[in-house]
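Open the model in your viewer and keep the sequence beside it. Each stop below says what to select and what is found there.

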Amino acid sequence: MRQLWDFLKQLLYLAPKLIRTFLNHFKMKPSIFLCLFIGLVAFNKSEIDHAKVLPNQIAYIVNGGELNLATPEKASISAGANMSRIAFKGTECPRKFKVGDKIEFYAREVKTAQFFTFSIVKLEVNEKKRFASYNSLNGNTIKSFPTKSSSIGHPGVFHIALNEPLSPGHYAAVFKSVTKSGNFMISNGYRNNPISFEVLE
């Protein structure tokens, strides 16, 4: 540990000299060097290993940070002509965001699927679960939020961005589409691997 500390001190001591030597050698102004350095840092930070995103898996990035691979949660999902629902046991979400956070989702399509389907839906909460449901008899509908999905060039991986910020509450990201009537589409080729999250004030 002492050797590492001595090395870091020596590096900090030599850094100004090394930068001056670099600027003099390439006849570069300090302001230009600073812009190049910031751009290089930003470029490295923006590199995302999309190959890590597995089929039927949802990943996300918050405020331009690192790619988080979400573990699918156990949930009961059904889709029918007259009734549909999604429900998670418990009232606590494993991941929490803040109002105003920029949340970007990534997901990989499945070859057996007819087309890519993905939705963000609002969840209600009671004493035992978080859920959303559609029922043609009592008028319950599943509320979804507009998103924009686009292929990013990496084979099969899609980038999903929200069209508007989310208000405080519980939500689910799920491999299903929601119809205009507020019902899950019945047919698609994806397994039920949703995740839940909470947006805090």
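The tour goes from a sheet to one of its strands, and then to two pockets.

This is a predicted model, in which local features need pLDDT of at least 70 and side-chain atom pairs count only at pLDDT 80 or more, while totals for chains, interfaces and linings use all residues. Residues are numbered from 1 along each chain as its sequence is written, and side-chain values use heavy atoms, with hydrogens and water left out.

**The sheet**

Select strands 2, 1, 6, 11 and 10, which form an open sheet in that order with antiparallel pairing. Strands are DSSP runs of E with at least two residues, numbered from the N terminus, and two of them pair if DSSP finds at least two bridges between them. Strand 2 (68-69) and strand 10 stand at the edges with a single partner strand each, so one side of each has no neighbour in the sheet.

**Strand 6**

Now select residues 103-108. Why is strand 6 largely enclosed by the rest of the structure? Six of its six residues are buried, so the rest of the structure largely encloses the strand. Buried means under 20% relative accessible area, with a 1.4 Å probe and protein chains only. I103, F105 and A107 point one way, and E104, Y106 and R108 point the other way. In a regular strand, side chains alternate between the two faces of the sheet.

Add strand 1 (residues 58-62), which pairs with strand 6 in the antiparallel sense over five bridges. Y60 stands opposite F105, and I61 has E104 as its bridge partner. Next add strand 11 (residues 157-162), which is also antiparallel to strand 6, over five bridges. Here H159 is the bridge partner of Y106.

**The largest pocket**

Select D101, K102, I103, L162 and P165, which lie nearest the centre of the largest pocket among its 14 lining residues. Strand 6 and strand 11 are the elements that give two or more residues to this lining. A pocket is an open set of points on a 1 Å grid over the protein atoms alone, where a 1.4 Å probe fits, with protein on both sides within 12 Å along at least five of seven lines; lining residues have an atom within 4 Å of a point. The lining holds seven nonpolar, two polar and five charged residues.

**The second largest pocket**

Finally, select the lining of the second largest pocket, including F116, F118, S144, F145, P146 and V178. Strand 9 (144-145) and strand 10 (147-151) each give two or more residues to it.

Definitions and conventions. Buried means under 20% relative accessible area, exposed over 50%, partly exposed in between (1.4 Å probe, protein chains only). Helices (H or I, at least four residues) and strands (E, at least two) are DSSP runs, numbered from the N terminus. Ala, Val, Leu, Ile, Met, Phe, Trp, Tyr, Cys and Pro count as nonpolar, Asp, Glu, Lys and Arg as charged, and the others, Gly among them, as polar.
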